[in-house]
Amino acid sequence: MALKRKLIFSVVFIFVVHIACGQVLQVADKKGDWTVSIYEYDKAYTTIEAVNLRNRKNIKIEGITRLDPRMYWLNEDILRIDFGSAVAPDISSYFFSTKYEKFSNHIFLATNFVDLNNELVLCADTTISIVDIFNAGKSTILILPHDIFRAGCYWFCIGKKTKFDNKTLFLEYLVEGNNMDTYKIKEYEIPK
């Protein structure tokens, strides 16, 4: 009961301080000891803040220029935070891990295809790549199939049956030269 009162007091206190400093709370979520909040400054900048209420650890990412955040837990450990359109290829994503107690770097054009076991995400823009979520700069650009539909952004060429399975990526892709509903699947070994 005392922990619940401390939690309520802490959240209210943080909210009051942020309002006094000109911030507006956009979204907040809690999982275990962690509370993750997203604040908007002056309708131009966004801050993401994760607070561990048990050990009082506070982690922030400040100065994000994207608005309209959405966040959701992928599992008990990993939170995904998206900015931008949910249906167009302009998504900027951040991930937060309670296990590592850190945020990922900014990941541009992350798709919904995430390998939670290996902490990887499939990204698609002018290339298609597998990005290690919590190891900054570690990514693998895939050699595209010769018959993939040629596009300025490959986001639209990835099919719904794409999946990660046991250190393998099964990439469903739109085929060039056929009608817009012809897909094939290519298998890729996930690099170590």
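Two strands count as paired here when DSSP finds at least two bridges between them, a criterion worth keeping in mind while moving through this predicted model.

Begin with the whole protein chain, in which one helix and 16 strands are assigned. Of its 192 residues, 42% are buried, and the chain exposes about 10,900 Å², with carbon and sulfur atoms supplying 55% of that area. Among the contacts with a separation of 6 or more, 36% join residues that lie 24 or more positions apart.

Next, select strand 12, residues 128-132, together with strand 13, residues 139-141. These two strands pair in the antiparallel sense over three bridges, and within that pairing serine 129 has isoleucine 141 of strand 13 as its bridge partner.

Now widen the selection to strands 10, 11, 12 and 13, which form an open sheet in that order with antiparallel pairing. Strand 10, residues 110-115, and strand 13 each have a single partner strand, so they stand at the edges and one side of each is left without a neighbour in the sheet. From one strand to the next, the twist averages 20°. When following side chains here, recall that in a regular strand they alternate between the two faces of the sheet.

Finally, move to strand 3, residues 45-52, and strand 4, residues 57-64, which pair in the antiparallel sense over six bridges. One of the positions to pick out is alanine 50, whose bridge partner in strand 4 is isoleucine 59. Strands 3 and 4 form a hairpin with four residues between them, and in the turn arginine 56 has a positive phi of about 60°.

Key:
Residues numbered from 1 in each chain as written. Predicted model: local features only at pLDDT ≥ 70, side-chain atom pairs only at ≥ 80, totals over all residues. Heavy atoms only, no water. Axes fitted to C-alpha atoms, helices over the stretch in contact; angles between N-to-C directions. Buried < 20%, exposed > 50% of the residue type's maximum accessible area, 1.4 Å probe, protein only. Contact = heavy atoms within 4.5 Å. Areas by Shrake-Rupley, 256 points an atom, 1.4 Å probe, with all protein chains shown as cover.
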